[in-house]
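Reader: I am new to this structure and should be grateful for a close look at a single part of it. Could you describe where the chains touch, and then continue to whatever else helps in reading the model?

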Amino acid sequence: MPIPLTVLETRREARDDRGPAAPPTEDVREKVFELEAAGEWLVQRVPDPWIGVTTKYGRTKKIPVARTWHHKSCGQCGHIPGYSTSIFWLIRKLGLDYNDPRDQTSCTAWNYYASATSNQGAQAAVAMRNFGAAYESGYFPMIHCGTSYGHYKEVREELVHSAELRDEVRRICDKLGKPFVMPEEIVHYSEWVYALRDEFAKRRVLDLSGIDVTVHPACHYHKLVVEDAIYDPDVYGGQRTAVVSAVVTALGANVKDYSTWFDCCGFGFRHILVQRDFTRSFATLRKIEVMQEEANPDVVLTHDTGCVTTLDQSQFAARAHDRKVGVPVMSEAQFAALAMGAHPYRVAQLHWHNTEYRPLLEKMGIDWRERWREFEDDLARLKGDPKAFLTWEDADA
Amino acid sequence: MPETVLVIGGGPAGLEAARAIASIGGRALLVERRDVLGGTPDESNYAALTPRMGSAQEALDALRAGVEDPAIDVRRSTTVSACSGSVGDFRVTLSGPTGETTESVGAIVVATGFQHFDPGRETQMYGYYEYPDVITLPDAEKMLKDHRFVRPSTGEPPRNVAFIQCVGSRDRRLGNEYCSKVCCGVASKEAIEIRRLLPDTKVYIFYIDMRMYGFWENEIYWPAQEQHNVNYIRGIVTEIVGKDGRLLMKGEDTTMGRPLEVLMDVIVLSVGMEPSRGTRDVAQILGVDQNKYGFIALPGEPMDVVTTSVPGIFVAGAAAGPKDLEDTVGMAGAAALRAVGTVRGLAHAGTVAAR
Amino acid sequence: MVLQARYDDVPIEEKERLFGQVQADARFDSYLYGCYECGICVAACPSARFYDFSPRKIAQAASRQDLPMFYEQLNDDIWNCSQCFSCTRCPRGNNPGGLITIMREVAINNGLTSAKNALEGYGRVVYKIMSTGTQVSPDMLQPNAFPDWGPHVQEISDNLGLWRRALPPDTMHTTSTAWEVDDRTLTELYLIWHMTGVLDMIKSVDAGLHMILNDVMEELLEEAGFEAG
């Protein structure tokens, strides 16, 4: 029996009658500006043009379109380089100005959550050092990794509420010769992809109407400092974060739901390195198998380094136990790039991924054999010249 | 000095206050924004009242009959849009179907009540706007009033039903840190009604604490478990998602100390109380203090539960915070007495000295 | 999490001292309010499904200041947490995962054997992050490091240098770091580790590692003209 639309529609109408609810928490950005006025730090403004998106309690968040300083992810750049490459490719495709810095350290949060061989002061100092570097460059920081993003949101809360911590970190920044700067917004790249999803949709060259997607939201994106994450009343009624899902829909693919949507992927930070039975069991039993059984997706998309790594790499061992696995995993950045005609190897760098992705490419209408031949030619050329690299021009040739 | 007491709100508090005012020889002007009297029990289709299972319909009809009195001027589809003056001489502007009028009143009783928490809010993960089979206590009442209880998605009776307590209450993340007082009793009552209607249906209540005070404990809680086999499981639910066409809920069975996942046909959210739009609007218009949750503040509690921050303005019922019907009618009587005493120029009529 | 009198030989004063350190952390008051044992944290927790682990009991032991239970957790349970922070679903505003982060720092700062054991095998990552400024690098993709990821890791390892040159972003033509980090940047990172006492934490976990790191960092700091410490 079809679900009577009137039940849900009636409820939505009643919601409008009761009027808006006040946000239950303070807006930390107001505190950030107050501290600037009190001379505690500088606030780097989001450059124009920016796009306004809605966060959990209906507040507007400014997402910079261009002039972004790219706070890279070590897990992405280290193990899934197609992820970072695709983010840069998307920016370049839109002809936007950006900065890919060498004056950037890892956020060090993976180590922190794994081993706790750090402390509040060190973590905050690392964050502020990176923000200082961005400010010096004149470009606005955009964070690539979900954990970096969640962690930096926490650091902001801690700095705003503790004068002692601010003083400690300011002393460190002074010694380093770095300005003491808090950006107006802490922006995750998936928020930028969400804000510009219609631009990407316009440039789509593949037909994705037959592609079923399951979305995995990164815990650290939406569970750390919950109010600062994107929510959209048109996406899951505003009760689940809208990033990635909204992008999939904009690109014309199909978002399929599954019953462990809210579950962590099982990355565990230290578990994936030294207690891997947990990670691969959790990822397989609680995420991949459930997705397969309930949604049968062609691809799993997520927006964080750890999640891509966990979900992609955990499936191999599970096959030895005849578990129902075997669905490819990538970031929405790679998926969007592919949809816009990016090369699966030169840009999406899928040869670094573990779970079989070639049937997906075929279904998307990508001739991966031809593309791999092209890439092998690139590799042969590079082999012959140890000083040569693949360039952005090569990537789009 | 004008003799009339303005009663704002025609729900149980307002109806009882107006009746009580008339019963001691006073005059009341009763204003109600809807075109029917009865307030939330009427608007939210209350079926049986907690704890004695009396008919809400009958109770409301009795209250309505109580204001059919020449000393009570009832104005339906009317709201208060402005107020000036002070105790003994308030001038209020009423907006009604025929336009605006100005009235002079000597005292005011605010009885604007509450609204149910919206479980579709962004802080919740219960899918109220995604799954028709996730319903609220009032949604369940509506069905029970018609002596039926079915899955909204199929129209068929459910094989199992779960209640989740404290939705929108006792929650620092939401800002509603208080307890809404009645939901444990109401959920247990509805559970009993469902068990009576559908003897083969299993009913569960997932809770943090079961709060049924006084005689509600032995009149509702114990019978629910002992006679009607309602299963109480201690542990609250983090999210509801769809699975196999049913609802999957994730919680912890804290007594057993382990995570719990169960498929349900219907899940009833025990939504708490928030100040109604009327309460918020009227508080602003009258200049009456509100507490941090937006309810009308009671500066004199616990010994004075009807005096507001403005002399001559009193409150009755859930406009002052979560109240059950017993509290409500008690407050209504006290407010009526104080209001009439005020207009008769008696500073401390019939009650202990307010401080 | 069974209270089995496992650490009865440890004096109660010692347990109290460690608990005191957790309580004294600046974040403690914003991580622990009251707990009404609703269990929503356990419902959301991935580790609770695989281990005998309960964030609710972490919050309870800390609220009640139950020193024996706290000490058991400090040794046996905190390393099972996956630090996903799903437990921040807590309606009281508690953060059991955050309490665990503090407890882990205390365990390390006090050189607990259980902490050292938990971080055994993790030394190479600590070395990588502290000495290069990136936590994982391409050259960590070795079959002996990730045997359960399958033969694909071998393929990557065999082709690493070439494949890394086949990346368009020009900061990523690296193998020993995730991206190219300026020397100056590295110097600043070392200064942060020194000034915040993190190097001392490493000392209690792995003295050998500490020695190596110290040497590497001191050299770079001297070259840059800074005084270490």
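**Where chain A touches chain B**

Author: In contact across the two chains are 24 residues of chain A and 25 residues of chain B. The model discussed here is a predicted one. On the side of chain A that touches chain B, helix α1 (residues 5–18) of chain A supplies the largest share, namely 6 residues. By character, the residues on this side of chain A comprise 12 nonpolar, 5 polar and 7 charged.

Chain B also contains an open sheet of 3 strands, which follow the order β6-β7-β8 with antiparallel pairing. Its edges are formed by β6 (79–86) and β8 (99–105) of chain B; each has a single partner strand, and therefore one side of each remains without a neighbour in the sheet. From one strand to the next, the twist averages 20°. Strands of a sheet pair through backbone hydrogen bonds, in either a parallel or an antiparallel manner. Here, β6(B) is joined to strand β7 (residues 89–96) of chain B in the antiparallel sense, over 7 bridges. Within this pairing, Ala82(B) stands opposite Thr93(B) of β7(B).

One residue of chain A may be added to this account. Asp207(A) lies in the loop between α10 (197–202) and β9 (212–216) of chain A. Asp207(A) counts as exposed because it has 12 C-beta neighbours inside 10 Å, and a residue is classed as exposed at 12 or fewer. Although 132 residues separate Asp207(A) from Ala339(A) in sequence, their C-alpha atoms are 7.9 Å apart in space.

Notes:
Residues are numbered from 1 along each chain as its sequence is written. Chains are lettered from A and ligands numbered from 1 in the order in which they are written. This is a predicted model: local features need pLDDT of at least 70, side-chain atom pairs count only at pLDDT 80 or more; totals for chains, interfaces and linings use all residues. Two strands pair if DSSP finds at least two bridges between them. Helices (H or I, at least four residues) and strands (E, at least two) are DSSP runs, numbered from the N terminus. Axes are lines fitted to C-alpha atoms, for helices over the stretch in contact, and angles run from 0 to 180 degrees between N-to-C directions. A residue is buried if 20 or more other C-beta atoms lie within 10 Å of its own, exposed if 12 or fewer, and partly exposed in between; C-beta atoms are placed from the backbone. Two residues are in contact if their C-beta atoms, placed from the backbone, lie within 7 Å. Ala, Val, Leu, Ile, Met, Phe, Trp, Tyr, Cys and Pro count as nonpolar, Asp, Glu, Lys and Arg as charged, and the others, Gly among them, as polar.
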